[in-house]
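Reader: I'm new to this one and would love a close look at just one part of it. Could you walk me through it slowly?

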Amino acid sequence: EGYEFEDEEKAEPVQAELTRLQWDSKSKEAWIFARLYGGGGILMNDGVTPIEKLHEPLNPSSKIESLVVLNRWELISFSTEMQRNIIKPDYGHPLLYRMYPRQSFGQTAWEVHASRIIRFDGKRLPRLLHIRNNFWGDSVLTALKSALGDYTISGDSVANALHDFRMIIHKIKGLQTSVNAGKGENITKRFSIMNMVRSVLGIQVIDAEDDVVVQSGSLTGVKEAWEIVKEKLQAYTDIPHNILFNSGPGTAGKLGGSSGDSEESQWFNIVASRQKHYYRPRMDQMIEVIAGYIGGEKKDYPYTFNKL
């Protein structure tokens, strides 16, 4: 639902800069990259520093001309370029990145100082896995792989069950004898014609000596099994059932006995937590840079997130 500055008049220059730089859409894109790929970042381009000198720290008073969104595969870091001083606030984070913009021909790499990057991490990993993953987080889809596979297979199985729910059985006198005599092709051609007539005209044409039986299958337990698969998929996410599957309120968590209202309330709490612990530090970094060239400090422009 966005955010609001507590003193709108005083914060008007900051808001104007955020709008000019398209901060809302750029930060959303970087966050999507972080969830999808395990990491993303926003390059703050001051429009003054030559590209070959991006390895130098960003001048605190430099005006930002544009924001460039990059994914983790375009921002590579190495263990030799990490902050190893444990008393530093950026301990364990890159000091430099190798930037490989995918749009650039020849895949030229440039060194970029960490102060020029607003970093968006993916799903948190244990320390050793974090190091092995080139100092990035994990994609949210990794944990969903198995559940998504089961969901796809189950959906296909339900579709096949519906397709085979009504089966037409033709009893043909002397069928085996005709097949043994090499007349199988004629039988196949005959049923192709019958099926075409049924599809086009909506009528069933058979030989007077044939016997046709319509046999219906059973879908008992299919709905319950399908709901279990959906519950498993939903359990791997923190998205409420009625939002994830676009179902109506009150349909969530029927197997577990919870209500749609309780899930929705939990969802609001999750969103509020992400605003506070994930999004705010990155927005604060952007505001701090803007405040550096318009005057004032970050603390001079307090803001609050609008609740859902």
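Which helix does Leu 148 lie in?

Author: Leu 148 lies in helix H4, which runs over 141-163. Before we go on: this is a predicted model, where local features need pLDDT of at least 70, side-chain atom pairs count only at pLDDT 80 or more, and totals for chains, interfaces and linings use all residues. Residues are numbered from 1 along each chain as its sequence is written, and side-chain values use heavy atoms, with hydrogens and water left out. Helices (H or I, at least four residues) and strands (E, at least two) are DSSP runs numbered from the N terminus.

Back to Leu 148. With 34% relative accessibility, Leu 148 is partly exposed (buried is under 20% relative accessible area, exposed is over 50%, partly exposed is in between, with a 1.4 Å probe and protein chains only). Leu 148 joins Ile 32, Leu 36, Tyr 37, Trp 73 and Leu 141 in a nonpolar surface patch, and together they have about 510 Å² of accessible area. A patch takes residues with over 30% relative accessible area and no salt bridge, joining nonpolar side chains (Val, Leu, Ile, Met, Phe, Trp, Tyr) within 5 Å and like charges within 9 Å; the areas come from the Shrake-Rupley method with a 1.4 Å probe, and for residues only the protein chains shown count as cover. Both H2 and H4 supply at least two residues of this patch, but H2 gives the most, with three.

Now follow H2 inwards. H2 (23-37) is also among the elements that give two or more residues to the largest nonpolar core, a set of 30 residues. Such a core is made of buried Ala, Val, Leu, Ile, Met, Phe, Trp, Tyr and Cys residues joined through side-chain atoms within 4.5 Å. Those with the most contacts inside it include Phe 5, Trp 23 and Met 283. Helix H9 gives this core its largest share, nine residues. In soluble globular proteins, nonpolar side chains tend to be buried together.

H9 has a charged side to its story too. Arg 282 meets Asp 121 in a salt bridge, 3.7 Å from N to O (a side-chain nitrogen of Lys or Arg within 4 Å of a carboxyl oxygen of Asp or Glu). Asp 121 sits in strand S7 and Arg 282 in helix H9, so this pair ties together parts 161 residues apart in sequence. Asp 121 and Arg 282 are both buried.
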